[in-house]
Amino acid sequence: MASAGALRPFRFHAATLAAALLYVLAPPAGATARINPGGAAAGNAAPGTGAGSGGTAVGGKSGGSAVGRSGGSAGGKSGGVGAVKSTGALAGKSGGAGAGARARTVASSPHVLSVRITSVRCVPAPKCSLNLRQVSVNGTLLVGGTGLKVGMVVAFPRSAGARISSNSPAGRLRSSGLGLIVTVPSGAHSGRIMVMLSYGRHTSSFGPIYVFHHALHPPRPVTLSASPSGSALDGQGMWIWYLSQSNGGSVPAIAARAHAAGVGTVLVKSSDGSSNYWSQFSSQLVQGLHADGLKVCAWQYVYGSSPAGEAALGARAVANGADCLVIDAEAEYEGRYAAAQTYINQLRAKVGASYPIALASFPYVSYHPSLPYSVFLGPNGAQYNAPQMYWKDIGASVDTVYANTYIANRIYGRPIFPLGQTYGGVSPADVLRFREEAVDYGATGVSFWDWQETPASGWSALAAPLAPLSSVTPDTSYPTLSGGHKGDNVLWLQEHLATAIPAQETTGYFGSQTLANLRSFQSAHGIPASGKTDAATWTALLALPPVAVDWTGGGPAG
């Protein structure tokens, strides 16, 4: 329901506009008026006539005096043209200079320069994307310029890229605390807009403006933030594989060591596969660790061969008091999109939509193109991402593993909780740097694998105070995808692209259709149509929700 005083979208009445245009553009007898490309009007004398025999008198500036430019006289030579200054008026006498008829004076050009739009942006921010020239129908644009007034009419293209005409959808400018605003009418499309004035006059066009017929919202922020997630993953965590090999399974000893090392959460294995629940993850263990001031998360290793059973075991750990559940899905789940969807759907049905779940998997998405990251981290999936960033096992530096992991995983829009290593002979300096770099990247928590393999030097590195890293500039870029690429990141691209272009297939392969559609999407959003996913393209795509894909019976064809 519209609020009292709300303005309806304004449309020109075709008959009224036609009459106005006729008044402005109809020439006096014996001459015609035309619109020059530059906007000036010129009068053409009737062929074979002179100044006193039906020729056109060309009025100059206000006052109606006759002005002739070189090449044409005020009266006009036979076949000649009397040009008009842009500020002048076009006047003529129907019967020639001595006929005694009253001269009419009308505007020299319908193109008005004293009124113009110089800026347009979508408001308010929560209903806009990061591209401020993108707006939803019935959304609001803040319009700036010169000579603009409340009540003036802003016209939009009736179809994408169409020229403004008498039947273009339009809305009136109105005042607000921000300035002059206009509501985008429901029939508007992308293209250049202009202000329409009385008597058929108009301003220069401005744009393009990109109009969407679905709600816009800002994408999940890429800017680094240190706002806590509110989950047990905040702070510092340590993974426990075998409880019996972690301080002998003694709850008081585990709690004492954890507190000494600044560990606030322990992540304890709860199951393996679909039928092997580990008795070490019990309600008694959880209660004991809680009593000693620790948070306790369960983690389960899953394979995808029996997803319903895996979901049931995950829910069992939650029922035993786990503060969060972490899914450890690795090579066995590659290519199992249907299984991942079944697992996620059944797990959510058992634990609820808001229960905190994280995915702990491979950090480099492109190295594992068929792993269903987009299912595990997609809608209804895990809210958190804890990639296994084992820098020494990967053979990279701490700095490199951070940059590559964040580039690869940023597109999924889930808070990242880096999972590092204290095993394998890593240096205390690297452990400390891993912790410090997490702060630079805006992570609100880190964890390490694993308790039973951590030497004394590793525990000391976990307890060491953090210092700012002046040598690290976090990498905020996105993965660049183009023709020929394939994998889950391509699939995620296609799922978002299909929201804007429904014919887009979700195959996981970047073929000719995806290339053409991506270029079209880029052009529509004011992005150079490179056919590659640069940061601006990802930002625009991720402002859209992904389409729902039913993976029953298989996975991506690509």
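A salt bridge here is a side-chain nitrogen of Lys or Arg within 4 Å of a carboxyl oxygen of Asp or Glu. With that in hand, Arg433 and Glu437 qualify, because their side chains meet at 3.8 Å, N to O, and the cut-off is 4 Å. Keep in mind that this is a predicted model.

**The salt bridges**

Welcome to the charged pairs of this protein. The structure holds three salt bridges, and the table lists them.

| Pair | N to O distance |
|---|---|
| Lys269 and Asp272 | 2.8 Å |
| Asp399 and Arg433 | 2.8 Å |
| Arg433 and Glu437 | 3.8 Å |

Let us begin with Lys269 and Asp272. Both of these residues are buried, and their closest N and O atoms are 2.8 Å apart.

Next comes the pair of Asp399 and Arg433. Asp399 sits in helix 8 (residues 398-409) and Arg433 in helix 9 (residues 428-440), so their salt bridge ties together parts that are 34 residues apart in sequence. Asp399 has a relative accessible area of 28%, which means that Asp399 is partly exposed. Arg433 also counts as partly exposed, at 22% relative accessibility.

Arg433 has a second partner, Glu437. These two residues both belong to helix 9 and stand four residues apart, about one turn of the helix. Glu437 is buried, with a relative accessible area of 1%. Through shared partners, the salt bridges join Asp399, Arg433 and Glu437 into one network.

**The nonpolar cores**

Now for the interior. In soluble globular proteins, nonpolar side chains tend to be buried together. In this model, the largest nonpolar core has 93 residues, and Tyr343 and Tyr402 have the most contacts inside it. Helix 5 gives this core its largest share, seven residues. Another core, of 25 residues, lies apart from it and includes Val112, Cys122, Ile193 and Leu197.

Which residues does Tyr402 touch, not counting those up to four places away in sequence? The list is Met389, Pro418, Phe434, Glu437, Ala438, Tyr441 and Val446. One of these, Glu437, is the buried residue that meets Arg433 in a salt bridge.

**A look at helix 4**

Helix 4 covers residues 307-319, 13 residues in total. From its first C-alpha to its last, helix 4 reaches 18 Å, close to the 18 Å expected at 1.5 Å a residue. The buried residues of helix 4 are Pro307, Gly309, Glu310, Ala311, Leu313, Gly314, Ala315, Ala317 and Val318.

What do the buried residues of helix 4 pack against? Their neighbours are strand 17 (265-272), strand 18 (276-277), strand 19 (295-302), strand 20 (324-329) and helix 5 (337-351). Helix 5 is also the helix with the largest share of the 93-residue core. After helix 4 comes Gly321, whose phi is positive, near 105°.

**The whole protein**

Stepping back, the secondary structure comes to 13 helices and 24 strands. The protein has 558 residues, and 49% of them count as buried. Among contacts between residues at least 6 apart in sequence, 73% join residues at least 24 apart. The protein exposes about 23900 Å², of which carbon and sulfur atoms supply 56%.

Conventions
Residues numbered from 1 in each chain as written. Predicted model: local features only at pLDDT ≥ 70, side-chain atom pairs only at ≥ 80, totals over all residues. Heavy atoms only, no water. Expected span 1.5 Å × (residues − 1). Buried < 20%, exposed > 50% of the residue type's maximum accessible area, 1.4 Å probe, protein only. Contact = heavy atoms within 4.5 Å. Areas by Shrake-Rupley, 256 points an atom, 1.4 Å probe, with all protein chains shown as cover. Core = buried A, V, L, I, M, F, W, Y, C linked by side-chain atoms within 4.5 Å.
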